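Please study the sequence and the three-dimensional structure shown below. The exercises that follow are to be worked through in order, each with its solution.

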Amino acid sequence: MLGKWMLRSDVGKKSEMPVMKLTLTVLAVAGCWRPISWTSLIRHIMYNAYTASIIIILYTFAMTQIMELIFNADDADEMGDALFNALISLLACYKAIIIRINHDSIIALIGNLVEKPFKPMDLNENMIRKKFDKRITTNTLCYLILVLTTASYMIFFSLFMDYKNGILLYKAWLPFDRSISAIFCLAYVHQILSLIFIGLVHPTCDNLICGLLLHICCQIEILEYRLSNIANSRGNLRDCVRHHIHIFEYAYMLNDRFAKIVPSEFAMITVVMCYNLIHMAFKSSNAISYIQDIMVVACTMAPIFYYCWFGNEIKLKSLQLSDSIYNLEWTIFSNNIKKGLLMIMNRATIPIEFTSADIMPVNLDSFIRVLKMSYSLFNVLIHSQK
């Protein structure tokens, strides 16, 4: 059962969250996170309208691709393109809706990081927190730059090669005559906006979840530091036991809220990877197209790799806690302290695992399985074409 400390309504109701600032700022730009400081009714309505407009843009783009898929079912190449575009657009809509629905839960999760027992209590603990915050910021920037660079590359070459010839960025079914100049421009702008928001929503939603996963690793490292202080009579074992229990509760709550997103990522990666590999093998007719395909493959692999890497890190970090306790000078402790440490060690033998819909653990083994499955499906499709 989750502790009452996680259910307090006042947690996180501050003008600005002190952790994950960059991630939350970009998430707000993507329309998935209403800033905490926007407390007035007018600002709530404004931001809800902004979010709705982004979802409508993505949804209508997906619908044009689905209709293109239906009306061009006899063309395998165009079917693949339309299916790929519809999948990534609908998944972006799904992520944005999940994040918005869990807005209050995210406030509680982030707010509890600045409350006891998670709040850093001295300079060394603050340094541990800053180390992980810096890592989260770096991961956010790297992922965002990768996706937006790919989107910019696609838009840049489309403007110079397709737009002047009256060709849209993506082939799509439209319920009006695109030969009219004004309508063509509107349709082209709509597709560019769709690509930009897809490039914002995917990395920011993924970075939010991965950032929270990293904060669990941060708390385990802070707990190891607090346990090491027991030998110097500067730590309280009861507080450490409580801290360890809260870490498990926090991980359970995080998994419960966001495990819905990961299965869709696994499914999309398998399909999209196959499509991208086939596109690279048969359809990349020039260097520009080939570079674009490589960038798209990198963007496709990045989210599931992030989830699996940090999920694996949590598992290893939680198991490492037993070794850290064993390496303490535990022989000098009293029997009561030894019993408390043994309790933590026994609990730490069960790792903290982030799972995909309570079925598949999110770790590097799962990442390898997804790659093998994608490659196997790719080989089957290649042999069927031959």
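The exercises below go from the whole chain to single residues.

The structure is a predicted model, in which local features need a pLDDT of at least 70, side-chain atom pairs count only at pLDDT 80 or more, and totals for chains, interfaces and linings use all residues. Residues are numbered from 1 along each chain as its sequence is written, and side-chain values use heavy atoms, with hydrogens and water left out.

**Exercise 1. Confidence**

Determine where confidence in the protein is highest and where it is lowest among its helices.

Solution. Begin with the term: pLDDT is the predictor's confidence in each residue, from 0 to 100. The protein has an average pLDDT of 82, and 89% of the residues reach at least 70. Next, compare the elements; helices (H or I, at least four residues) and strands (E, at least two) are DSSP runs, numbered from the N terminus. Confidence is highest in helix H2 (residues 41-71), with a mean of 91, and lowest in helix H8 (residues 261-283), with a mean of 72. Finally, residues 7-17 have a pLDDT under 50, and the model gives this stretch 22 contacts (heavy atoms within 4.5 Å) beyond four places in sequence.

**Exercise 2. Overall architecture**

State how many helices and strands the protein has, and describe its burial and surface.

Solution. The secondary structure consists of 11 helices and 2 strands. Along the sequence, their order is α-α-α-α-α-α-α-α-α-α-β-β-α. Of the 386 residues, 51% are buried (under 20% relative accessible area; exposed is over 50%, partly exposed in between; 1.4 Å probe, protein chains only). The accessible surface (Shrake-Rupley method, 1.4 Å probe; for residues, only the protein chains shown count as cover) is about 18,800 Å², and carbon and sulfur atoms hold 65% of this area. As for contacts between residues at least 6 apart in sequence, 78% link residues at least 24 apart.

**Exercise 3. The packing of H1 and H6**

Describe the geometry of the pair H1 and H6, and name the residues that meet.

Solution. First, the geometry: helix H1 (residues 21-29) packs with helix H6 (residues 181-228) at about 145 degrees, and their axes are 9 Å apart. Here axes are lines fitted to C-alpha atoms, for helices over the stretch in contact, and angles run from 0 to 180 degrees between N-to-C directions. Second, the residues: H1 contributes Thr-23, Leu-24, Val-26, Leu-27 and Val-29, which meet Leu-200, Thr-204, Cys-205, Asn-207 and Leu-208 of H6. Third, the character: the contact of H1 with H6 has 7 nonpolar residues, 3 polar and no charged. In this count, Ala, Val, Leu, Ile, Met, Phe, Trp, Tyr, Cys and Pro are nonpolar, Asp, Glu, Lys and Arg are charged, and the others, Gly among them, are polar.

**Exercise 4. Backbone exceptions**

Identify which residues a cis peptide bond joins, and state the phi of Met-20.

Solution. Recall the general rule: most residues other than glycine have a negative phi, and most peptide bonds are trans. The cis bond joins Lys-116 and Pro-117, with omega about 5 degrees. Pro-117 is placed in the loop between helix H4 (103-111) and helix H5 (123-161). Met-20 has a positive phi, near 55 degrees. This residue lies in the segment before H1 and is buried, at 5% relative accessibility.

**Exercise 5. Buried or partly exposed?**

Classify Leu-168, Phe-378 and Lys-260, and find what each touches beyond four places in sequence.

Solution. Take Leu-168, in the loop between H5 and H6. Its relative accessibility is 6%, so Leu-168 counts as buried. Its contacts include Asp-162, Leu-174 and Phe-184.

Turn to Phe-378, in helix H11 (residues 364-385). With a relative accessible area of 13%, Phe-378 is buried. The residues in contact with Phe-378 are Cys-274, Leu-277 and Ile-278.

Last comes Lys-260, in the loop between helix H7 (237-258) and H8. Its relative accessible area is 42%, so Lys-260 is partly exposed. Lys-260 touches Tyr-94 and Ile-98. The C-alpha atoms of Lys-260 and Ile-98 are 8.4 Å apart, although 162 residues separate the two along the chain.
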